[in-house]
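Please look over the sequence and the fold below before reading on. The paragraphs that follow go through side-chain pairings, packing and charge, one topic after another.

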Amino acid sequence: MPQTDGARLFRETWIASVRKHYPGEPKAGYVIPWDETPAWERQAAGAVHDQVSQFLRVSDGHASRLSREQKGRFVATCWTAQMYKHFEDPKPGYVADWSDLPDWQRETDADIFVAIEESTAAHN
């Protein structure tokens with residue numbers, strides 16, 4: 001899958017999952033559409049998509065056996081690395097450890113892994 005398509009899948013899953021899991025009305029920045037998403041965020045989303053896809057490939061698909069929490073942790077860790085790549089001094093919320101993330105964000109990260117997993121399986 002081209003990186004732009006992967007990045008878009010990541011972003012669309014993020015938006016749908018935030019709307020599903022966020023308590024109350026999500027911040028506008030959390031659900032801005034793809035066309036308004038900043039370039040750095042598009043690049044980060046594409047990189048994380050590619051990392052998850054590669055993780056699934058190099059495990060011969062067995063990464064699908066991870067627990068939902070492990071899947072979400074993987075996405076969160078990949079995202080954190082991208083924040084350090086794109087920002088010299090990222091906001092603490094951008095690089096928070098898994099245990100410090102709110103439940104809605106943990107669920108959203110797990111949903112992203114599952115969406116990439118399903119897309120990767122469909123393209124193989």
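Are Arg11 and Glu41 buried or exposed? In this predicted model, both Arg11 and Glu41 are buried, and their side chains meet in a salt bridge with an N to O distance of 3.1 Å. The pair links distant parts of the chain, since Arg11 belongs to helix α1 and Glu41 to helix α2, with their positions 30 residues apart in sequence. A search of the whole structure finds five salt bridges, and two others, taken up further on, tie helix α4 to helix α3.

Helix α1 also takes part in the aromatic pairing, of which the structure holds 13 examples. In one of these pairs, Phe10 and Trp79 are stacked, with 5.5 Å from centre to centre and 15° between the planes. This pair again links distant parts of the chain, with Phe10 in helix α1 (residues 3–21) and Trp79 in helix α3 (residues 68–86), 69 residues apart. Phe10 is buried, and Trp79 is buried as well. Both residues belong to an aromatic cluster that Phe10, Trp40, Trp79, Phe87 and Tyr94 form together.

A pair with another geometry is made by Phe74 and Phe113, whose ring centres lie 6.3 Å apart; because their planes stand at 85°, and an angle over 60 degrees counts as edge-to-face, the pair is edge-to-face. Phe74 sits in helix α3 and Phe113 in helix α4 (residues 103–122), so that this pair, too, links distant parts of the chain, 39 residues apart. The two partners can be set side by side in their accessibility: Phe113 is buried, with a relative accessible area of 0%, whereas Phe74, at 22% relative accessibility, counts as partly exposed. The reason for the second label is the cut-off, because buried means under 20% relative accessible area and Phe74 has 22%. Elsewhere, an aromatic ring meets a charge: the charged end of Arg42 sits over the ring of Trp34, 4.6 Å from its centre.

From the rings one can turn to the packing in general. In soluble globular proteins, nonpolar side chains tend to be buried together. Here the largest nonpolar core has 23 residues, and those with the most contacts inside it are Phe10, Val48, Val52 and Val75. The elements that give two or more residues to this core are α1, α2 (39–58), α3 and α4. Phe10 is thus named twice in this account, as a member of the aromatic cluster and among the residues with the most contacts inside the core. Val52 offers a view of the packing from a single position: when residues up to four places away in sequence are not counted, Val52 touches Phe74, Val75, Phe113 and Ile116. Among these neighbours are both rings of the edge-to-face pair, Phe74 and Phe113.

Which residues is Thr13 in contact with, leaving aside its neighbours within four places in sequence? Thr13 lies in helix α1, is buried with a relative accessible area of 11%, and is in contact with Asp111, Ile112 and Ala115.

One of those contacts, Asp111, leads back to the charged side chains. Asp111 meets Arg68 in a salt bridge, with an N to O distance of 2.5 Å. The pair links distant parts of the chain, Asp111 in helix α4 and Arg68 in helix α3, 43 residues apart. Asp111, at 14% relative accessibility, counts as buried, while Arg68, at 35%, counts as partly exposed. Helices α4 and α3 are linked again by Glu117 and Lys71, which are 46 residues apart and whose side chains meet in a salt bridge at 3.0 Å, N to O. Glu117 counts as buried at 15% relative accessibility, and Lys71 counts as buried at 8%. Salt bridges that share partners also join Arg68, Glu107 and Asp111 into one network.

Finally, Lys20 has its place in helix α1, and, at 62% relative accessibility, Lys20 counts as exposed. Lys20 and Trp104 are 84 residues apart in sequence, and their C-alpha atoms are 8.5 Å apart in space.

Terms used:
Residues are numbered from 1 along each chain as its sequence is written. This is a predicted model: local features need pLDDT of at least 70, side-chain atom pairs count only at pLDDT 80 or more; totals for chains, interfaces and linings use all residues. Side-chain values use heavy atoms; hydrogens and water are left out. Rings of Phe, Tyr and Trp (its six-membered ring) pair if their centres lie within 6.5 Å; planes under 30 degrees apart count as stacked, over 60 as edge-to-face and the rest as tilted. Helices (H or I, at least four residues) and strands (E, at least two) are DSSP runs, numbered from the N terminus. Buried means under 20% relative accessible area, exposed over 50%, partly exposed in between (1.4 Å probe, protein chains only). A charge sits over a ring if NZ of Lys or CZ of Arg is within 6 Å of the ring centre and within 35 degrees of the ring normal. A nonpolar core is a set of buried Ala, Val, Leu, Ile, Met, Phe, Trp, Tyr and Cys residues joined through side-chain atoms within 4.5 Å. Contact means heavy atoms within 4.5 Å. A salt bridge is a side-chain nitrogen of Lys or Arg within 4 Å of a carboxyl oxygen of Asp or Glu.
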